[in-house]
Amino acid sequence: MSNEFSEFEKELLEEYEFPLLVGNREPRRDSNMSDLLIPLALILCTFGLIIPIWGITFFLNNSKYKREFENGVLNPDFLRGSGLVIFPDRSAELITKPNIPAYHFEADHITKLVHVNTDYGLGGATDHLQVYLHDFHALTLYGFNHREEKEIIEKLVSIYGIECEFEKVDKTERGGSGGG
């Protein structure tokens with residue numbers, strides 16, 4: 001591959017300043033340990049057996065995901081991040097928590113973006129973005145407000161020339177089924 005930039009890449013360099021942060025570099029909220037002690041104590045008293053079981057399950061799943069990643073498997077449940085850093089050649093790196101690898105991919109690897117809105121009922125909903133690499137869901141971006149999501153989608157669609165699909169998932173008790 002040549003070090004020369006195409007006309008499209010030159011236009012992007014004029015429009016955006018690279019490296020470009022798309023999403024969030026840091027967690028949305030800073031957690032203060034003292035703010036967590038009382039709720040944590042209540043949870044431990046209430047769910048004394050559930051938490052150790054959950055912790056063991058989380059550790060086993062995380063170990064499995066790390067082994068998969070070392071063998072070249074891109075699992076979107078593991079490769080979750082708060083954003084991307086995009087470089088001048090349009091390659092990008094996933095911004096992750098310290099225990100998750102910051103996966104790097106090339107510009108021609110990204111093929112699609114899917115915005116997923118999951119409705120849990122009673123006003124509870126979450127949104128995340130599925131990043132498709134080579135036509136499969138490989139990375140997940142999460143932790144944005146509506147304005148940030150719109151900006152992220154616009155930038156990724158513009159920079160990579162990909163499409164964004166919108167999907168709504170109904171996890172309410174009615175489950176989206178019709179009633180009589």
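This briefing describes a sheet, a helix that packs on it, and a nonpolar core. The model is predicted, and in it an open sheet of 4 strands follows the order E1-E3-E4-E5 with antiparallel pairing. The largest nonpolar core has 33 residues, and helix H4 gives the largest share of this core, 5 residues.

**The sheet**
- At the edges of the sheet lie strand E1 (20-23) and strand E5 (104-105), each of which pairs on one side only.
- Strand E1 runs antiparallel to strand E3 (residues 83-86), and the two are joined by 4 bridges.
- Within this part of the sheet, Leu21 stands opposite Val85 in E3.
- Helix H4 (residues 146-160) packs on the sheet, where it touches E1, E3, strand E4 (92-95) and E5, and its direction makes about 130° with that of E1.

**Glu148 in helix H4**
- Glu148 has its place in helix H4, and it counts as buried because its relative accessibility is 14%, which is under the 20% cut-off.
- Although Glu148 and Gly23 are 125 residues apart in sequence, their C-alpha atoms are 6.9 Å apart in space.

**The nonpolar core**
- In soluble globular proteins, nonpolar side chains tend to be buried together.
- In the largest nonpolar core here, the residues with the most contacts inside it are Ile86, Phe105, Leu133, Leu139 and Tyr160.
- The elements that each give two or more residues to this core include E1, E3, E4 and H4, as well as strand E6 (110-121), strand E7 (124-133) and strand E8 (136-142).
- Leaving aside neighbours within four places in sequence, Leu139 is in contact with residues including Pro76, Leu79, Leu94, Tyr103, Phe105 and Leu133.

How values were computed
Residues numbered from 1 in each chain as written. Predicted model: local features only at pLDDT ≥ 70, side-chain atom pairs only at ≥ 80, totals over all residues. Heavy atoms only, no water. Pairing = 2+ DSSP bridges. Contact = heavy atoms within 4.5 Å. Axes fitted to C-alpha atoms, helices over the stretch in contact; angles between N-to-C directions. Buried < 20%, exposed > 50% of the residue type's maximum accessible area, 1.4 Å probe, protein only. Core = buried A, V, L, I, M, F, W, Y, C linked by side-chain atoms within 4.5 Å.
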